[in-house]
Amino acid sequence: MDELCVVGKSIPRPDAWDKVMGKTRYVDDITLPGMAYAAIYYSSLPHAEIKELNIAKALRVPGVLAILRASDIPGKNFIPMIKEDWTFFAKEKVVYPGEPIALIVAESKDAIMDAWEKISVVYEELPAIFDPEESLKPGAPQINPIGNLLSLHKIRTGDLELGFMESDVIIEGVYETDYQEHAYLETQGALAVPGAEGGMTVYGSMQCPFYVLKGVCMILGLPQHKVRIVQTPTGGAFGGKEDMPSLFAGLAALAAWSIKRPVKLTLDRRADIIMTSKRHPSRSYYRLGAKKDGTLMACEARVYLDPGAYATLTPSVLWRCCIHSCGPYRIPHVKVDAYAGATNKVPCGAYRGFGSPQVIFAMERQMDKLAREIAMDPLKLRAMNALRQGDSTVTGQTLPWSVGLEECIQKAAEASRWEEKRSRYPAEDGYKRRGIGCSFLHYGVGLGAAGSRIDVAEAYVQIKPDGGAVFAVGTTDMGQGMQGVLTQIVAEGLGGIAPQQIQMLPVDTMQVGDSGPTVASRATYTSGNAILDACEKIMDEMKKGAALLLKCEPSQVRAGGGKFFQESAPEIFYTFAQVAAECSARHFGLTHTGYFKSPDTSWDSETGQGKAYVAYSFGVQIAEAEVDMQTGEARVLDIWAAHDLGKVVNPKMAQGQIEGGVVQGVGYSLMEFIALDGKGRIQNPSFSNYIIPTSLDAPLVHSEIVESVYPEGPFGVKGFGETPLMGVAACVANAVSDAIGRDVDKIPMLPERLLEKMKG
Amino acid sequence: MTGNVVVRFTLNNKEVEAVVPDNLLLADMIREHFGLTGTKIGCGMGECGACTILFDGKPVNSCLILACQANGHEITTIEGISSDGNLSALQKAFVDEGAVQCGFCTPGLVISATALLMDNPVPNEEEIRTAISGNLCRCTGYQSVVAAIQKVAEINRKKRF
């Protein structure tokens, strides 16, 4: 490939101008003539039969248009996800507090509030369960129609007993992590508009328009060509708008279908925190065996994720959790079992990292304890066991390329002055003590073997006669910057034209074929490849047009810097716009669709072995923390985050992903805590008491980028939106443990918990 | 029961008038009666700062103020920060420094930072972080936002000398 003109440059993202001026219209900013409002009436109990649902009084409230229940659904009361258990409305019983029971549709939000007070439900309470381990014990109350074991996955390699026999040291530990709420600034919302000829259009804040399409078709009983889903600018998602928008869009569509008017359903913050998915809490039991010299020999792990009441995305989350449970290390003997036992709590789902931060936390705490046991530097211990090119993962997958872990280690260690600080801090004394800790991570890019059927993408590219380009893809920008990054890939794919000549269309399921979900850090990699396929088809046509102008053969035409020329005489050229005009005049088709299917992966759930993912991104994170020994308050001062993400399309935006992900990770480590009452009800559904980091809590983030290119990604791109968060809890816990001289094996590290630790 | 009230105030340098319910929030009046949807509602309880506006030049959460309290006062929303599509130096710095991701908190952050720079044209990092600590951002980690504000502070410092 010729030198890159646009890819690799820090060009400001195209959506930034409208956003700084307040012009961007999110779903709640749209008001349509005749529009009504809807809100969800949800359960207050964790597990109970619905004996009576009384809506007569609520229906008499002025302004109330309808109160819809399961019996009002024209299609099916079932939200398509992985298993067939999740419903739009509770059926005969509720299985978690916050489960939708009815939908209030009214002329105004005030009328909705009045109606809410007048709905009453008579429940008969059933025994509930709140712990995923208890859930799997004999005699536990059964809460889900598919059984309490919503999913299990395993890894088996080598001979575990032999591995422990050959080990000189064995480290055991139990690790616990809590919920994390996505806390995207824009709450969930959808606006449904009945269309002509019995169709329905839904606009909304979402990651996965094709999931939403299936959900809306299901509830209305409509075929896919009658339903159109359009993503509105999305104010953050982080996984939280992967599965949930199917519910909200489906219910908005039900309301619009019912009253034959546009209906907007947006959640307030309280409802959003109570009703929507979160990161799975976890409990993990680890045993790690090693030689005295630090060579890892064996790892055994039993991991329990708390999925809440329905499976939703849990089987996929648990699979990624399982695959990543032993870290980016060579370990010959491994046995991992990961379980999800249903509980009567809000269903957990996707959250940046997707089941991996929990086990990275556990495994990386184990590594620090092992280092201490054999009196070795923890970074060196990790480095000597780290995966290199040509090594095999614990699932038996050989890594032929793109393993940038060693470079990440070097960069992070140097930038943080690891050795100096590590040797200095233990000697320090006083009320405030500092510590430093590290974590290593790897991340399987894309959906991997668990989702290989849907790891596809389509892209539509059209060249205008004046040389402008429009494109559409089926993956979404939820704030991470996909629009900017893909615009740069289009610009490069069209021979280095200016990004200002390019416009991305809103994601619309009528425009592009199913491109799978926008998750798993896959958008740039999959849509980027589909775009390049479309651009290649267009450039073939344009080279024919250029050849006519240059009076040569199409094979002699070169494109670069937004121009077409012959290699032998680059000074004679036609601009992209001139060639577009020529092609237009000659009716050469300059509208093309590109396709991409991810390379094959494989997984054998019986043997727990396989080529799990197409490629891996890597990272090394180092945290420096300070703990106030009197108050128990921990602060993260600096984090050095070195990430191998393949070719970087836009360095500044990549840095933004690192900084934002790390700070989310700091929240997860230190302060973000969901308080439940004895009935599994969330007690702190607001930002006053669910605390996320402010500008005063955020550490300085030092980003280090490593570009170990992946040959099958567009220009060598891998994908990494999730990785900056993934290792943070682990390195912060290691730093805090280093500072206070006690093992911290539970997050969040709230001051009261650390104080307790220091007393003990 | 609630009644209606007449509110007269200055909105983005223009004299305006509205008849609104007396329990209507300022944020809702701005969004619904004047169609200025750049003022966002992220929590409705004064916790997130997405609805920050300038009230007589001071940054306030417009979801915590009644619409009728605007009577006789000067309100500036994000739409009043740029003129005829020309970005302010601060808005330009937000674009260039990558301080914008999902954009939902951006209007509130721009308003808080604008207020800071009017009050203190050359703030240090601590002053910047304190001034925007009422604006939650879940995407950026704040570092690029601080860098954007520092960029304008540097321009101001050079102007001063």
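Biologist: What makes a residue of chain A or chain B part of the contact, and how many residues does each chain give?

Modeller: In this predicted model, residues count as in contact if their C-beta atoms, placed from the backbone, lie within 7 Å, and the contact takes 43 residues from chain A and 40 residues from chain B.

Biologist: Which helices of chain B supply the side that touches chain A?

Modeller: At least two residues each come from α2 (89-96), α3 (106-119), α4 (125-131) and α5 (143-160) of chain B, and α2(B) gives the most, with 4 residues.

Biologist: How do the residues on that side of chain B divide into nonpolar, polar and charged?

Modeller: The side of chain B that touches chain A holds 19 nonpolar, 16 polar and 5 charged residues.

Biologist: Turning to the sheet in chain A, why are β16 and β26 called edge strands?

Modeller: The order of this open sheet is β16-β24-β25-β26, with mixed pairing; β16 (432-444) and β26 (700-706) of chain A each pair on one side only, and so they are its edge strands.

Biologist: How do you know that β25 and β26 of chain A pair?

Modeller: Pairing needs at least two bridges between two strands, and 7 bridges join β25 (residues 634-644) of chain A to β26(A), so the two parallel strands count as paired. A:Ile639 stands opposite A:Val701 in β26(A).

Biologist: Which helix lies across β24, β25 and β26 of chain A, and at what angle to β25(A)?

Modeller: Helix α11 (residues 405-416) of chain A lies across these strands, and α11 runs at about 145 degrees to β25(A).

Key. Residues are numbered from 1 along each chain as its sequence is written. Chains are lettered from A and ligands numbered from 1 in the order in which they are written. This is a predicted model: local features need pLDDT of at least 70, side-chain atom pairs count only at pLDDT 80 or more; totals for chains, interfaces and linings use all residues. Two residues are in contact if their C-beta atoms, placed from the backbone, lie within 7 Å. Ala, Val, Leu, Ile, Met, Phe, Trp, Tyr, Cys and Pro count as nonpolar, Asp, Glu, Lys and Arg as charged, and the others, Gly among them, as polar. Axes are lines fitted to C-alpha atoms, for helices over the stretch in contact, and angles run from 0 to 180 degrees between N-to-C directions.
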